[in-house]
Amino acid sequence: MAKLRNIIKTLSFFFFLLAATAPSLSSATSATDTFVFGGCSQQKFSPASAYESNLNSLLTSLVNSATYSSYNNFTIMGSSSTDTARGLFQCRGDLSMPDCATCVVRAVSQVGPLCPFTCGGALQLAGCYIKYDNISFLGQEDKTVVLKKCGPSEGYNTDGISRKDAVLTELVNGGGYFRAGGSGDVQGMGQCVGDLTVSECQDCLGTAIGRLKNDCGTAVFGDMFLAKCYARYSTDGAQHYAKSHSYKTNYGGERTFAIIIGLLAAVVLLIIFLLFLRGVCSRGGDFYFLHIFNF
């Protein structure tokens, strides 16, 4: 009986702790798993094919590697070039390893339904990026514009434009694969995919930032995603993806925690009920299922 009461106390405490921390945990993930863009190749593969097996191995490698690295790429060789799976993941440079791993898991979970049975797929979330294909793309510079988004114009504001230009110039001169900076209420960020060389990264970011200046002008925020790098700025420092692009999946943090909490509540209630039956039946003998549970 004492053992059962200790179990109940432990489960009740865990249930309370999880319920108390669930809002903060779900909000932490929502800042990284917001959908930005996705794309799929035209070429398809057959179910249960050699490429599907190699692709599954590749995606598993991406998920496992994200627990200790913010970038990695893999090539799973096949018997032919069309059966060879190539892929990479890239986490935002300011993410912790746990947040990086969580983001990559979510990206891998979402890219399958987004690109069913296609040989190539790419998915950009706010916190990470994954891409795979059976065509070689690793180590190749690509400045194709994938996504351009400019916010509403704030009009010709000399101070605002000066701060924005200062932030974008800081990003150009920052060095490194991940760059972030700010001036007043203007925040900026830029990043290259890790398979580029340092000079290729500089060239890619220079192009993206140049396009931001020309195309977004006086916009309150701007995003320029090229195939191998991106640059963005916002005049209020907010993650505007959370306000605009929405991508509903079954992997949302709130739904996951609600299910877990519901299951834990059911377990606690079941044990309390069994403990009650144990007390009621102690005078006439234990039920068989109570022996099974070692009560």
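**Exercise 1.** Determine the handedness of the disulfide formed by C103 and C128, and place both cysteines in the predicted model.

*Solution.* The torsion about the S-S bond is -90°, and the link of C103 and C128 is left-handed. C103 belongs to helix 3 and C128 to strand 5 (residues 128-133), so that distant parts of the chain, 25 residues apart, are linked. The S to S distance of C103 and C128 is 2.2 Å, which lies within the 2.5 Å required of a disulfide. Both C103 and C128 are buried.

**Exercise 2.** Establish which parts of the chain are tied together by C40 and C115, and state whether each cysteine is buried or partly exposed.

*Solution.* First, the bond: C40 is joined to C115 with an S to S distance of 2.0 Å. Next, the location: C40 is in strand 1 (residues 35-40), whereas C115 is in the loop between helix 3 (97-114) and strand 4 (121-125); the pair therefore ties together parts 75 residues apart in sequence. Finally, the exposure: C40 has a relative accessible area of 37% and is partly exposed, while C115, at 3%, is buried.

**Exercise 3.** Derive the handedness of the disulfide of C150 and C216 from its torsion, and describe the surroundings of the two residues.

*Solution.* The sulfur atoms of C150 and C216 are 2.1 Å apart. Because the torsion about their S-S bond is about -75°, the disulfide is left-handed. C150 lies in strand 6 (residues 145-150) and C216 in helix 5 (residues 198-216), 66 residues apart. C150 is partly exposed, with a relative accessible area of 31%; C216 is buried, with 6%.

**Exercise 4.** State how many disulfides the whole structure contains and give their pattern.

*Solution.* The search finds six disulfides. With bonded cysteines counted along the chain, the pattern is 1-5, 2-3, 4-6, 7-11, 8-9, 10-12.

Definitions and conventions: Residues numbered from 1 in each chain as written. Predicted model: local features only at pLDDT ≥ 70, side-chain atom pairs only at ≥ 80, totals over all residues. Heavy atoms only, no water. Helix = DSSP H or I, 4+ residues; strand = E, 2+ residues; numbered from the N terminus. Buried < 20%, exposed > 50% of the residue type's maximum accessible area, 1.4 Å probe, protein only.
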